[in-house]
Amino acid sequence: RWLRQHEYVEKLNMHGILSASAGQEQLLTELLVTHAKIPVLIGELISVEVWKHKVFPVLCQLQDFKPRSTFPIYVVLHHEASIINLLETVFFYKEICESAEDSILDLIDYCHRKLTLLAARSTKAQAVTSAELRADDLASPPSMQADPVPPQELQKQAEAMEFEISLKALSVLRFITDQVESLPLSALTRMLNTHNLPCLLVELVEHCPWSCWEAGKLKKFENGTWHLVPPEDQVKMTKLDGQVWLALLNLLLSPECQRKYRFDGFNKSQLLKLRAFLTDVLIDQLPNLVEMQRFLSYLAVTDPAPPKKDLILEQVPVIWDHILKKNSGKWQAIAKHQVKHAFSPTEEELKLQARRWAQTYSLDMMEALVPDKPRCRVCGVEAAKRCSRCRNEWYCTRACQIQHWQKHKPACNLMA
């Protein structure tokens, strides 16, 4: 049942990407709003997040956990990435944000956790580098490899995936801040005071975890991969840079946000750090930052009045706490149950699941999503030939296909 739900989410995700690229995503947004599916997706998103934090580590430490294939676990890990990617695609629309209703608070908390993870990695000089986010690791699910992947290797893949998920959460948060005028009062309070998102965003501007230096050369993470940046483009703003600055503009320049935010000594000193980054080159790329520059100049010489303490009944997020309370003390039992009933399929069950996954991850649709031409699995050059049995691997010549056959054979037999 859960696998069927994952298939639906994955198909929605693929449909959303293709529709967005064609400018026709309105139908998908209407579908999600009409059937009230945004709160359902947010609940599913947080459920998988809790599973990753509470069950997955226990599962990897079990002595009797020796699965025939770790791909079923990879699917669960990938489920979170699929949902956050779908939300990133549709949250651009105001009606989607409004249809989240009370669960918007849970989504704000989720985004805060992911952004905190990004900031912690960057400030501790532990940002994910291109060496850690190897294309082979991310592009090759465990079941596609010849030998079973040990749980420790799966944990490394989960950590690499976590980085991309966190970047997607940044985009979702920015779209939420676009709607500050229509958000519930509790949502603003949570973003500005409970989590102090403006200061967290300043940390991301200051340390920029999606860029790194290797051997004296600058690399930036864009569209799922690390790219070497030529010297003339090093001051060019990336999409991720723009998301942070736009979120800051929304949170700091909105009159309602200014009325509610505490501009105390610490917050003021943190925000004023932004002045060093507001260069003429940056403002030329995002002219709206002129307003930010003026606001910071005014903030430097004034002490804004403290926010009024309104007596209100504040809503709080419930999904995360509900899951933790319901399953407190049961994590090991859950892990053992899932090893026995979910993650140890028989050979026949594995073949059946492989056929279903092959239908879900339609190769024609996947190729439409990938802008680059396929590459040979052996030598990496542009490929025009494909395995005729499973249609999953690409080769430039017959010689490369023969050379790779012994490694490819187990996966090919499974998928064919």
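Ala, Val, Leu, Ile, Met, Phe, Trp, Tyr, Cys and Pro count here as nonpolar, Asp, Glu, Lys and Arg as charged, and the others, Gly among them, as polar. With that split in hand, a good place to start in this predicted model is the second largest pocket, which has a volume of about 890 Å³. Its lining divides into 14 nonpolar, 7 polar and 6 charged residues. That makes 27 lining residues, and Trp2, Trp51, Val76, Gln338 and Phe343 are the ones that lie nearest the centre of the pocket. Several helices pitch in: H1 (2-21), H3 (38-54), H5 (71-90), H17 (319-327), H18 (331-341) and H19 (347-360) each supply at least two residues of this lining.

Two loops hold a small backbone oddity. Most residues other than glycine have a negative phi. Glutamate 101 is not a glycine, yet its phi is positive, at about 55 degrees. This residue sits in the loop that runs between helix H6 (94-99) and helix H7 (104-123). Glutamate 101 counts as exposed because its relative accessibility is 54%, and the cut-off for exposed is over 50%.

Asparagine 223 also has a positive phi of about 55 degrees, again without being a glycine. Here the loop lies between two strands, E2 (217-222) and E3 (225-228). With a relative accessible area of 78%, asparagine 223 is exposed too.

Further along the chain, an unreviewed UniProt entry annotates residues 376-412 as "domain: MYND-type". In the model, this span is 41% helix and 11% strand, and its end C-alpha atoms lie 16 Å apart.

How values were computed. Residues numbered from 1 in each chain as written. Predicted model: local features only at pLDDT ≥ 70, side-chain atom pairs only at ≥ 80, totals over all residues. Heavy atoms only, no water. Helix = DSSP H or I, 4+ residues; strand = E, 2+ residues; numbered from the N terminus. Buried < 20%, exposed > 50% of the residue type's maximum accessible area, 1.4 Å probe, protein only. UniProt positions renumbered as here; feature names shortened; annotations may be inferred. 1 Å grid on protein atoms, 1.4 Å probe; cavity = no way out; pocket = protein on both sides within 12 Å on 5 of 7 lines; lining within 4 Å. Points joined across faces, edges and corners; volume = space filled by probe spheres on them.
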